[in-house]
Amino acid sequence: MAKWVRVASVDELKEHNPLLVTVDDEDVALYRVKDQYYATDDLCSHAEASLSEGDLKGFVIHCPRHGGQFDVRSGEARHFPAHAPIRVYHVKTEGPDIFVEIEQD
Ligand code: FES
């Protein structure tokens, strides 16, 4: 079963400046591209690195550790050394609030 969890307000999330949030013990990176919002696992699939500390260029987040790249829309790895995808989450806004959908056991 899934539930929507409020994670931030739209004012907190600036374009090109990803935001780390924690949802039910999961570290999730939030991204804003114009007025669209995306969310992925914060942990890079290559090694230990926080993607929310990376650079977002267009729809692609650049890992701060080794430069791997992921499309934040699909989680698909786009550049070596990252090759495994990262998880993406559904995101919605309601008024000033951003929500992420998470699975519950
Ligand atoms: S930890 Fe992200 S590319 Fe290596």
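Before I start, one working definition: two strands count as paired here if DSSP finds at least two bridges between them. With that in hand, let me take you through this structure, which is a predicted model, and begin with the pair formed by strand 10 and strand 11, the latter covering residues 97-103, which run antiparallel to each other and are joined over four bridges. If you want a place to look on the screen, find valine 91, whose bridge partner in strand 11 is valine 100.

That pair belongs to an open sheet of three strands, in the order 1-11-10, with antiparallel pairing. The edges of the sheet are strand 1, at residues 2-9, and strand 10, at residues 91-94, each of which pairs on one side only. Neighbouring strands in this sheet are turned against each other by 35° on average, if direction is ignored.

Let me step back to the chain as a whole. There are eleven strands and zero helices, so that, read from the N terminus, the order of elements is simply β-β-β-β-β-β-β-β-β-β-β. As for overall dimensions, the C-alpha atoms fill a box of roughly 35 × 35 × 20 Å along the principal axes. A compact globule of 105 residues would be expected to have a radius of gyration near 13 Å, and because the chain has 13 Å, the two agree. Of those 105 residues, 30% count as buried, and among the contacts between residues at least 6 apart in sequence, 42% join residues that are at least 24 apart.

Now to the interior. The largest nonpolar core has 23 residues, and those with the most contacts inside it are Val28, Leu30, Tyr31 and Ala39. Strand 3, which is 26-33, strand 4, which is 36-41, and strand 11 each supply at least two residues of this core, with strand 3 giving the most, namely four.

Strand 3 and strand 4 deserve a moment together, since they come up again below. They pair in the antiparallel sense over six bridges, and within that pairing tyrosine 31 has tyrosine 38 of strand 4 as its bridge partner. The hairpin they form has two residues between the strands, and there lysine 34 takes a positive phi near 55°. Which residues does tyrosine 31 touch, not counting those up to four places away in sequence? The list is Pro18, Tyr38, Leu56, Ile61 and Val72, so Tyr38 appears there as well as being the bridge partner.Strand 4 also pairs with strand 9, at residues 88-89, in the antiparallel sense and over two bridges. In this pairing, threonine 40 has valine 88 of strand 9 as its bridge partner.

That brings me to the last stop, arginine 87, which lies in the loop between strand 8, at 77-79, and strand 9. Is arginine 87 buried or exposed? Arginine 87 is exposed, because 12 other C-beta atoms lie within 10 Å, and a residue counts as exposed at 12 or fewer. In sequence, arginine 87 and alanine 39 are 48 residues apart, yet their C-alpha atoms are 8.6 Å apart in space. Leaving aside residues up to four places away in sequence, arginine 87 touches Thr40, Asp41 and Gly75.

Methods. Residues numbered from 1 in each chain as written. Predicted model: local features only at pLDDT ≥ 70, side-chain atom pairs only at ≥ 80, totals over all residues. Axes fitted to C-alpha atoms, helices over the stretch in contact; angles between N-to-C directions. Core = buried A, V, L, I, M, F, W, Y, C linked by C-beta atoms within 7 Å. Buried ≥ 20, exposed ≤ 12 C-beta atoms within 10 Å, placed from the backbone. Contact = placed C-beta atoms within 7 Å. Rg over C-alpha atoms; globule rule 2.2 N^0.38 Å.
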